[in-house]
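This briefing concerns the structure shown below. The points that follow are grouped by topic.

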Amino acid sequence: MTPAAPTISGPKSLADPGAIAARHALVEVSPHLASLRRLAERIRAEQDRPVPEADPLDGGVSARLLLLLETPGPATGRTAFVSRDNPTGTAANLFRFLSQAGIPRADTLIWNAVPWVIHAPGARNRAPRTGEIRAARAYLPPLLALMPGLAAVVLSGRVSQTLAPDLAAARPGLPVVAIPHPSPTYVCTSPLVSRRIAAGLTEAARHLGLSG
């Protein structure tokens, strides 16, 4: 079970160094993250790249909803977390959309299709290359194996949506919902983008028995 949150949480709350330190301290005493951390260590060793931590305020291996983004963005260099609380517009949008869908944090694990940092230090993020996506596929079945209560997966963005066949092979019958990426650049292109994200997360909430 996810421990009670002793730290400030909310959109962009991890802009505060104190909040980051408190969140990292929480990681060390969060049993629902232990096996995820071992998987992240394996990926770091095999890919020789940084892999951010899952947020201890989320559900970890107890989550019923896996939300796959594309790849860790530059903010993870400051926080070392994949989190809706990161100080970015993408994270703030994700916080808002998940809240509007009524999906509790304890029901979610936010991860990335390519779970390691692919951009050079100080550089802007870029799209994952074909070889990186191919290499990342090997880590999806071990991730799913850690989540026995998984009830649905949300694939956010083009890169994560390439993993749909892998999900079907690893966990047949698992509901999979595709949504646009919540990047502000993309969300601002059309009101339809926000509506598609909201509709997809509402569908995911139904799969969790949270609405409808």
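In this predicted model, Ala80 is partly exposed, because its relative accessibility of 30% falls between the 20% limit for buried residues and the 50% limit for exposed ones. Ala80 sits in the loop that links helix H3 (76–79) to strand E3 (81–82). Although Ala80 is not a glycine, its phi is positive, at about 65 degrees.

**Backbone at Lys12**
- Most residues other than glycine have a negative phi.
- Lys12 is a residue other than glycine with a positive phi, near 65 degrees.
- The segment before helix H1 (17–27) contains Lys12.
- Lys12 has a relative accessible area of 43% and is therefore partly exposed.

**Fold and dimensions**
- The protein chain contains ten helices and six strands.
- For 212 residues, a compact globule would have a radius of gyration near 17 Å, so the 16 Å of the protein chain agrees with that expectation.
- Along the principal axes, the C-alpha atoms of the protein chain occupy a box of roughly 40 × 35 × 35 Å.
- Among contacts in the protein chain with a separation of 6 or more, 73% join residues 24 or more positions apart.

**Burial and surface**
- Of the 212 residues in the protein chain, 50% are buried.
- The exposed area of the protein chain is about 9300 Å², and carbon and sulfur atoms contribute 58% of this area.

**Charge**
- The protein chain carries 22 positive and 14 negative charges, and the mean positions of the two groups lie 6 Å apart.

How values were computed
Residues numbered from 1 in each chain as written. Predicted model: local features only at pLDDT ≥ 70, side-chain atom pairs only at ≥ 80, totals over all residues. Heavy atoms only, no water. Helix = DSSP H or I, 4+ residues; strand = E, 2+ residues; numbered from the N terminus. Rg over C-alpha atoms; globule rule 2.2 N^0.38 Å. Buried < 20%, exposed > 50% of the residue type's maximum accessible area, 1.4 Å probe, protein only. Contact = heavy atoms within 4.5 Å. Areas by Shrake-Rupley, 256 points an atom, 1.4 Å probe, with all protein chains shown as cover. Lys, Arg positive; Asp, Glu negative; His and termini not counted. Charge placed at Lys NZ, Arg CZ, Asp CG, Glu CD.
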